[in-house]
Amino acid sequence: MTHVSIKELTKVYPGAEAPALDRLSLEIPTGELTALLGPSGCGKTTTMKMIAGLLEPTSGDVMFDGRSVLRDKPENRGVVMVFQNYLLFPYMSVAENVGFGLKMRKIDPAEISRRVGEMLELVKLPHLGDRKPSALSGGQQQRVALARALIVQPNVLLLDEPLSNLDAHLRFEMRDLIRSLQQEMGITTIFVTHDQEEAVVLADRVALILDGQMKQYDRADVFYKRPVDEATARFFGGHNFIPGTSDGHSFECALGKLALPAGAVSGTGRLTFRPENVRIGSGQEQENLLTAQIADIIYLGTQTRLKLIVCDTEVEAVVNPNEIESYGVGDTLPVHLPRTTLWVI
Ligand code: ATP
């Protein structure tokens, strides 16, 4: 049960011009799962290593329950890190791998055997204790790595892209398993991923890191509704960014004068709205009703992506395929931008 505070954490690798991580601050409440989300090279692994004590920060602090752990050796921090390439001991059996942390703590062998059995049940590998890791599939190895980490009941669990080597089906399964075990055991967990969907599904909160700097730290839905800037919105699949001016009630731009939701900011900026919030209009809407010409139709299976031209401006929409069955490229159609789905950045 540990509250993790990361304060202005910075790492400049020797000889590097820019910091790999620049003043990252995060509060992770006890028992919550936070995802560190960002593209390759943005500083996620660097952050994890500093929390685990495997890398010294250039400046800043890492605190567990209000106490700095920077002077604590890695083995005394109560942190366990699971890497993307599992790192199981090849000459040990699955059961020996899982029980390794308890053996190091000199726990009684009968107790180790009992807890290993329980843990293998939890990760759904009860019959594979005697196998060697080389005789397991990737997904099974990943579950052994997770069992080995959880059995020592760490204060903080660090998962560095643990699903990246698994195929899509196994990723879903492991995602659910990680979430249920983490909640059941109430372990404060930090999960690194470059996959926005994975972060959204798994995490209580998401920290988006771009180029070593944290852009936004929020509950997942906020990234879709109220992104702090264009780069953040784009990372979450945003496409529509229309420059213009807000007076707090409406936004004057190439699309015309559009009504804004209550509480909108004033000044120049960019209007953004999610492609999936662009509606095909009935023509009866009282505001924010526009006429669009279809420039392209991309069928995605369960959804259809439309490239629309509205007042010489490209707008992207994602709609239900049934809604546009009767339309083709070049056709015009009414589109509605509900005011509650608009956001000015
Ligand atoms: P990925 O998703 O590819 O694992 P990441 O977000 O985890 O990336 P980091 O591994 O933290 O990124 O690396 C952040 C930056 O620091 C990168 O530019 C990387 O090249 C650099 N870096 C990482 N380790 C070192 C090192 N030991 N020495 C010098 N630079 C490093």
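**View 1. Thr 272 faces Trp 343 across a strand pair.** Thr 272 stands opposite Trp 343, a residue of strand S20. This is a predicted model, and here S14 and S20 pair in the antiparallel sense over two bridges. Thr 272 has another cross-strand partner too: Phe 241 stands opposite this threonine of S14.

**View 2. S11 and S14 run antiparallel, side by side in the pairing.** Strand S11 covers residues 240–247 and strand S14 covers residues 266–273, and eight bridges join them. Two facing pairs help you find your way along this stretch: Asn 240 is set opposite Phe 273 in S14, while Phe 241 is set opposite Thr 272 in S14.

**View 3. Zoom out a bit and you get an open sheet of five strands.** Reading across, the order is S13-S12-S11-S14-S20, and the pairing is antiparallel. Which strands stand at the edges? They are S13 (256–259) and S20 (343–344); each has a single partner strand, so one side of each is left without a neighbour in the sheet. In general, strands of a sheet pair through backbone hydrogen bonds, parallel or antiparallel.

**View 4. Tyr 224 and Phe 236 meet edge-to-face.** The aromatic pair count comes to four. In one of them, Tyr 224 and Phe 236 sit 5.4 Å apart centre to centre, with 85° between the planes, which makes the pair edge-to-face. The two partners come from distant parts of the chain, twelve residues apart: Tyr 224 belongs to helix H7 (residues 220–225), and Phe 236 lies in the loop between helix H8 (230–235) and S11. Are these two rings' residues buried or partly exposed? Phe 236 has 0% relative accessibility, so this residue counts as buried. Tyr 224 comes in at 23%, so the tyrosine counts as partly exposed; the cut-off for buried is under 20%. Pull back slightly and one aromatic cluster appears, made up of Phe 223, Tyr 224, Phe 235 and Phe 236.

**View 5. Arg 148 puts its charge over a ring.** The ring belongs to Phe 89, and the charged end of Arg 148 sits over it, 5.0 Å from the ring centre.

**View 6. And the whole chain, for context.** The protein chain has eight helices and 20 strands, and its C-alpha atoms fill a box of roughly 75 × 45 × 35 Å along the principal axes. Of the 345 residues, 50% are buried. Take the contacts between residues at least 6 apart in sequence, and 66% of them join residues at least 24 apart. The accessible surface is about 16600 Å², with 49% belonging to carbon and sulfur atoms.

Definitions and conventions: Residues numbered from 1 in each chain as written. Predicted model: local features only at pLDDT ≥ 70, side-chain atom pairs only at ≥ 80, totals over all residues. Heavy atoms only, no water. Pairing = 2+ DSSP bridges. Helix = DSSP H or I, 4+ residues; strand = E, 2+ residues; numbered from the N terminus. Phe/Tyr/Trp six-rings, centres within 6.5 Å; stacked < 30°, edge-to-face > 60°. Buried < 20%, exposed > 50% of the residue type's maximum accessible area, 1.4 Å probe, protein only. Lys NZ or Arg CZ within 6 Å of the ring centre and 35° of its normal. Contact = heavy atoms within 4.5 Å. Areas by Shrake-Rupley, 256 points an atom, 1.4 Å probe, with all protein chains shown as cover.
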